[in-house]
Each structure stands twice: as C-alpha cells, then as structure tokens.
Amino acid sequence: MAVLIAPKPPADIAVRDFKMLIDGEWVAAASGRMLERIAPGHGVPVSRYPEGSHIDAEHAIAAAKQSFDTGIWNSKTGAERSNILLKIADMIEKRAEELSFWDAVEAGKPISQVRGEIAGAVDIWRYAAALARDLHGESYNTLGDGTLGVVLREAIGVVSMITPWNFPFLIISQKLPFALAAGCSCVVKPSEMTSASTLILGEILTEAGVPAGVVNIITGTGAGAGALLSTHADVDMVSFTGSTGVGRLIMANAAQTLKKVSLELGGKNPQIVFPDADLDAFIDAAVFGAYFNAGECCNAGSRLILHKDIADDVISRIIDLTKKVRLGDPLDPQTQVGAIISQQHLEKIKTYISGAKADGAALSAGGGTVDFDSGQYMELTLLSGVTPDMAVAREEVFGPVLSVLTFETAEEAIHIANSIDYGLSASVWSRDFDTCLTVGRKVRSGTIWMNTFMDGASELPFGGYKQSGQGRELGRHAVEDYTETKTLNMHIGSRKTLWVRGGSAAEE
Ligand code: NAD
C-alpha cells in the first residue's frame, strides 16, 4: 500500500458562486438554477455554477455567430491575435496558483501535479500564439501562364468545445488557443464537475482583450447545456474530449448538419516490455503511468504487456515502488495520487476489479478503498494473470488499476496491443532500437513512446487511432484543424471561350 496523507478540508474555504460568460456578460442560467460541486478529496461543497440549458446554449451560439460574422476577431491580423494570446499566457502564469487550487479541489488532483499542468498550458498558449502568425496556405505557380492557384486557410467559423473533468484547464488549453489563433469564435462547455478554472480563464480572456462574444462559456450538464452544441446549425465544428460513448453520440448528432468533428476519447494504453529493457527506468514509468492522476487519465498505461521471462521480477518491483507512492490530500504538496472524482465512479472501478477476479485474474496489490474521514480514495491496484479477452484488459477502467499480461514473441505482443478497440498511445521498452522501431511502427496508436512514457510537447500532435478519436490536438495540425480550405483559381489575361464561341450556343 501507498504512504497515506489524510485529507484536511481547507479551513477557510467559502463556497464560491460562479456565473457563465455569454456575449461579454457574466450571467446566471435562464432557469436561475445552480449546480453544487462537492470536493472529491474533502467531501465539502466548494463551488456553485449556473445549470445552463438549451436556452443559454442558444444565446451563447448566437453571440459566437454574431462575433464571427462581424469579423471582430477573425479580421484581425495574425500578429494582433498572437499578441493577445501571449498576454493571456502571461496572465495565466500570474494566476497559476488560483487556477491550480480550483482544479485540485474540484477534481481531487494533487496540487503539485496541477501546478505542472498549468505551466504546460502556459507553454501551449505561447506556442499557439506563434502559430497565429504563421498560419498560411499554398500557392501554385505551375498551372500555366493563364492560371494562378492560391489555397487559403480560413477560420472554420463557430466552434463548440466540450471538455471532461480529468484535466480541466489543460484540455481547454489544448483546444481554445489554436481555435483563437485560427480566428474562430467559440462556445465552451466544461465538465459540470470542474468548471471553475475554465470560468477563471474567461475572466483572463476578457481582461486580455478578446472581444465580447468571441469566447462564450456555458456551464451545466451534458444533456442540459451541452446537447445543442453538437446539433445547432450555426455551429461549424465540435471539438470534444471525453468518453468514447458520448463521443459517438456527438458524432451522430453532428452528422445531421454535417459539422466537422474532432474527438479525443478513451484509451487502454499498453506498455510493451522486452527483457533487455532498462528495468529501473521502466519500473518508475510503470508506476507513474498507471497511477498518475489516480489512473483517471486517457493516456494511463493501464495495460502492461511483459515478456514472460521478466514478468515475476517486474511485478514484485512495481509492488515495492507502489508502497512509496504518497496518496491522499490533494492540497498537500507531497501528495502524488489524489481522490476519485465521484462515489459513482469509485463503484464502477470496484466493479471492474471484482469482474477481473471472477474472470480469473489474481489481485496482487490493493483492490479496496482507502477510508479516510472525508472524500473518496482508492488503493493502488495491480491485477496479474490478466488475459487479452478479459474486460479489464480491453476496457477503460479510468482508475488506479494496472493489468499485467504476458507475451513470448514480439508478434504476440503487437497482436495483444492491437487487439482492442482503442488506439490512443503505447510504449515500447527495449535497449535494441530495431525492436523499438519494429514494434512501434506496427502498433496502431496516435503516440508511441520508446523507452519513456507520457512525455509530451506543445509541438507534437496528440490524438487517437480507432475508437480513441479522430483529429489531432497540439502541433501545427491543431491550428489547421480549425480552418477551412478555400481555393482561389485565378485567370490571367483574356479568357479563351471554348464552349460558346461568338454567339449563343444554339448558333454553334
Ligand atoms: P464524459 O464523456 O462523460 O463527459 C465529457 C463532457 O461531455 C462533459 O463536459 C459532459 O458534460 C459532456 N457531455 C456528456 N453528455 C453530453 C451530451 N449528450 N452532449 C454534449 N455534451 C455532453 O467524459 P468524462 O467522464 O468527463 O471524462 C472521462 C473520459 O474522457 C474518459 O473516457 C477519458 O479517456 C476521456 N478523455 C480523453 C482524453 C483524450 O485526449 N483522448 C483526455 C481526457 C479525457
């Protein structure tokens, strides 16, 4: 078991009431109703939000559409947009501690970890600011003397953004700066469990000079506030991060008006380990990969695929290291693993563990809850003897549960890795570069790490194969995803008439 740090509810916390941002105004929901958030790590209420509905969503979409049509943002130069994005990055940096506090209490995440996420978000805003000045199309001067072809990149229009609870500030920062760099207007709906940091971002955007209506933020549930964002005819694109089930629904809804859809969905990410790997480095990456963010991470390395010759040794070393992980109070700077997002989600994790045991897996560590006086916490759990057909090997548990499978040949490891519906990320561990490249090229995932895990950079695209999603965030692709392509086909000189020569077609 881990080193436990009992949660202490923040003594001086007053429940904060937030409002939504629509057309530059901070407003309540049309219904006047509010939702309350109980901190999952402390069991006390911390915030209240307007419970938006389709009426509020309609207003937000209208404001975004109007701001797009007037060109108040998309007619600015790239340099002007870039300067505002840089200002936003500086202001996020200044308010980093406040943003970290809210993500830590609302999501139950360790505060030290969130500080790193906010710093990562600042870097993304700065990177997107650079792209705002460098967004360009192509020209074709090779089409003959009479033709010049120019391919423009134009902002796609109104983009709706729907985000989950597990990385509230980081995930909106993987979308919004790129859409703003491209010149889009946006309607954002954060998770109903973790809206605070996104609303604080709204204050920052306003202060930094993003014009009214360009970014609108509505709060509430998916069914209440979110549904219209994938059906409304004035929304040109939906950018969604969340579960594969809701992603499927969004895509089906968007099909009615043929909107562009970008989806960042679930994962069941394998770490494939060969006997010649640097096992010291890997053991650390295995524990980090599985239990970072309490396993509530699309990128969690929740499936270890170990060569059978090293499996017993690796399992016992992982269990040893797990005992040193500090688990508990999200607000204690020493904490490495925090709370589980909700009681309902904790029950779902427990069901996966009991299901795995019933299927024949062995519980090698953890498996139960950690009963502090407040909040909901889960033991760091390791299941060995897992086989590729078991639900726990194929489905996203989204909790601190590591499944261990074994292989004998590289082909078998690749087959196991590819045998599920997800394809978000994977890693290969071997000192032989041929092994890394051969396996890495055959595993069907959007990211392949070699001898590392969960590293990232603003420049590197991120997204999924198969049912882990479509489209890419980060990197150049991100800004291009928020554009339409327009062809200018220009004729130079007098145009030779070919079809109707001198007179009407009937005379020809
Ligand atoms: P979720 O799908 O339940 O909810 C995500 C968002 O969608 C929330 O804001 C929710 O209110 C909204 N929503 C729900 N129903 C909706 C509807 N009918 N119409 C419009 N919006 C709706 O996901 P979650 O539980 O918040 O997050 C966990 C999931 O997110 C996991 O599956 C995880 O893998 C995935 N995720 C993926 C990535 C990635 O980049 N691939 C990153 C983080 C999380």
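Okay, let's start with one lysine: Lys308 has 44% relative accessibility, so Lys308 counts as partly exposed. Quick reminder before we go on: what you see above is a predicted model. So what does Lys308 pair with? Lys308 forms a salt bridge with Asp309, and their closest N and O atoms are 3.4 Å apart. Asp309 has a relative accessibility of 56%, so that one counts as exposed.

While we're on salt bridges, a few of them also link up. Arg16, Arg95, Glu98 and Glu203 are joined into one network by salt bridges that share partners. And how many salt bridges are there by this rule? The count comes to 24.

Let me show you two more of these pairs. Take Arg48 and Asp17: they form a salt bridge, with the closest N and O atoms 2.8 Å apart. This pair links distant parts of the chain, because Arg48 sits in strand S6, residues 45-50, while Asp17 sits in strand S2, residues 16-17, and the two are 31 residues apart. Are they buried or exposed? Well, Arg48 is partly exposed at 29% relative accessibility, and Asp17 is partly exposed at 45%.

Now the other pair, Lys260 and Asp481. Their side chains meet in a salt bridge at 3.8 Å, N to O. Lys260 is in strand S13, residues 260-264, and Asp481 is in helix H15, residues 475-481, so this bridge ties together parts that are 221 residues apart in sequence. Lys260 has 30% relative accessibility and counts as partly exposed. Asp481 has 17%, so Asp481 counts as buried, since the cut-off for buried is under 20%.Okay, on to the domains. The domain assignment splits the chain into domain 1, which is 12-265 plus 468-487, and domain 2, which is 270-450. Taken over C-alpha atoms, the centres of domain 1 and domain 2 are 31 Å apart. Domain 1 brings 26 residues to the contact, and domain 2 brings 28 residues.

How much area is buried between domain 1 and domain 2? It's about 2000 Å², and carbon and sulfur atoms give 58% of that. In domain 1, the residues that lose the most area to domain 2 are His42, Trp165 and Ser468, and together they account for 26% of what that side buries.

Now, we've just talked a lot about salt bridges, so how many does the rule find across this interface? Zero, between domain 1 and domain 2. For polar contacts, though, the rule finds 13 residue pairs across the interface. Helix H3, 96-107, and helix H4, 111-134, each supply at least two residues of the domain 1 side that touches domain 2. If you sort that side of domain 1 by class, you get 11 nonpolar, nine polar and six charged residues.

Last part: three small residues. Where is Ser82? Look in helix H2, residues 78-94. Ser82 has a relative accessible area of 3%, so Ser82 is buried. The Ser82 side chain reaches the backbone oxygen of Ala129, at 2.7 Å. Ala129 is also among the contacts of Ser82, along with Ala130, Ala132 and Arg133, if you leave aside neighbours within four places in sequence.

The next serine is Ser197, in helix H6, residues 196-208. The relative accessible area of Ser197 is 0%, so Ser197 is buried. Which side chain does the Ser197 side chain join in a polar contact? That would be Asp103, at 2.7 Å. Again leaving aside neighbours within four places in sequence, Ser197 is in contact with Leu99, Trp102, Asp103, Pro168 and Phe169.

And finally Ala393, over in helix H12, residues 391-394. With a relative accessible area of 2%, Ala393 is buried. Which residues does Ala393 touch, not counting those up to four places away in sequence? The list is Lys268, Arg303, Val386, Thr387, Pro388, Leu405 and Ile420. One more distance for you: Ala393 and Ser419 are 26 residues apart in sequence, and their C-alpha atoms are 9.9 Å apart in space.

That's what I've got, thanks!

Terms used:
Residues numbered from 1 in each chain as written. Predicted model: local features only at pLDDT ≥ 70, side-chain atom pairs only at ≥ 80, totals over all residues. Heavy atoms only, no water. Helix = DSSP H or I, 4+ residues; strand = E, 2+ residues; numbered from the N terminus. Buried < 20%, exposed > 50% of the residue type's maximum accessible area, 1.4 Å probe, protein only. Polar contact = N/O pair within 3.5 Å; in protein donor to acceptor, adjacent residues only side chain to side chain. Contact = heavy atoms within 4.5 Å. Domains from an automatic or database assignment. Buried area = accessible area lost by both parts, 1.4 Å probe. Salt bridge = Lys/Arg side-chain N within 4 Å of Asp/Glu carboxyl O. Nonpolar A, V, L, I, M, F, W, Y, C, P; charged D, E, K, R; others polar.
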